[in-house]
Amino acid sequence: MAIPAFADNYLWLIHDGVQAAVVDPGDAAPVLAALDAHKLSLAAILLTHHHADHVGGVASLLRRYKVPVFGPAGEAIEGITIPLSEGDAATIPELELAMTVLDVPGHTRGHIAYVAPEQGWLFCGDTLFAGGCGRLFEGSPAQMADSLGKLAALPDATEVYCAHEYTLSNLRFAAEIEPENDALTARIQSEQAKRDQGRPTLPSTIGLEKSTNPFLRYREPAIAARLISAGRLSTREPIAAFAALREWKNSYR
Ligand code: ZN
Ligand code: FE
């Protein structure tokens, strides 16, 4: 279940009708309201990285619920009781949920993602967005490209639960990069229809991202050609193409 927060964040609530786990509770109030409204009890908190819009609600939630807090071993975040890094398990027995952890540095240095292989879920914070990727606040283009590569290697049907509703603006940039991509054109129409009805565009899927997200497609010759013709790339080196895409997106309006 998606809980909207701030201007464009989603706080994901995983629940079985009785117990719940929340991913990246940047704000406690909407989480507490959702728990109350659905008569759920909180069993765990999962964090992907240290930014305030992802962890700001942890202290208040802990005042009401004494629950384990899973989070990145590589980041100093108040309240973490179970520090995790790649290959670790994040198990929530109350929800019969067994997830595994991937290190996905780039947006922040210690950013992690949670994969629930049985359910086909990915919680990836600000690493992979629908149609885009997070800004490189602490990592290099090579790190982010490598992290996105790990996510792209998950099964195509994997549902992508990212932390922001940036989809339409990401796809507008994607169309600037790949105007001839038919899958992208079709996606823009269907995501626009969801937003027109006030629905989230998320979750996305890994398969859809692989066919439409330029940050997973930077090795495509058509993308390199587009970047070169725009004067933003002078080599055919894939990581240079990735870096040029990220840089262009930073200033794209
Ligand atoms: Zn962030
Ligand atoms: Fe964020």
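Start by selecting the iron ion (ligand 2) in this predicted model. Around the iron ion are four coordinating residues: Asp53 through OD, His54 through NE2, Asp126 through OD and His164 through NE2, at 2.1 to 2.4 Å. Turn on angle labels for the four donor atoms: the values run from 85 to 165°, and the site is irregular. A tetrahedral site would need all angles between 85 and 135 degrees, so the upper end of the range at the iron ion (ligand 2) rules that label out.

Now show the donor residues along the chain. Their spacing in sequence is D-H-x71-D-x37-H.

Next, select Asp126 together with the zinc ion (ligand 1). Asp126 is a bridge between the iron ion (ligand 2) and the zinc ion (ligand 1). The distance between the two ions is 3.3 Å.

Stay at the iron site and pick His54. Is His54 buried or exposed? His54 counts as buried because its relative accessibility is 0%.

Then move to the cysteines. How many disulfides does the structure hold? The count is zero. Select Cys124, which takes part in no disulfide; the nearest cysteine sulfur belongs to Cys162 and lies 5.4 Å away. A disulfide requires two cysteine sulfur atoms within 2.5 Å, so the sulfurs of Cys124 and Cys162 do not qualify. With a relative accessibility of 0%, Cys124 counts as buried.

Finish at Cys133, also in no disulfide. Here the nearest cysteine sulfur is that of Cys124, 11 Å away. Cys133 has a relative accessible area of 5% and is therefore buried.

Note on methods
Residues are numbered from 1 along each chain as its sequence is written. Chains are lettered from A and ligands numbered from 1 in the order in which they are written. This is a predicted model: local features need pLDDT of at least 70, side-chain atom pairs count only at pLDDT 80 or more; totals for chains, interfaces and linings use all residues. Side-chain values use heavy atoms; hydrogens and water are left out. Donors are N, O and S atoms within 2.8 Å of the metal (3.2 Å for Na, K and Ca); water is not among the atoms, so sites may look incomplete. Four donors count as tetrahedral if all angles lie between 85 and 135 degrees; four count as square planar and six as octahedral if opposite donors are over 155 degrees apart and all others between 65 and 115; anything else is irregular. Buried means under 20% relative accessible area, exposed over 50%, partly exposed in between (1.4 Å probe, protein chains only).
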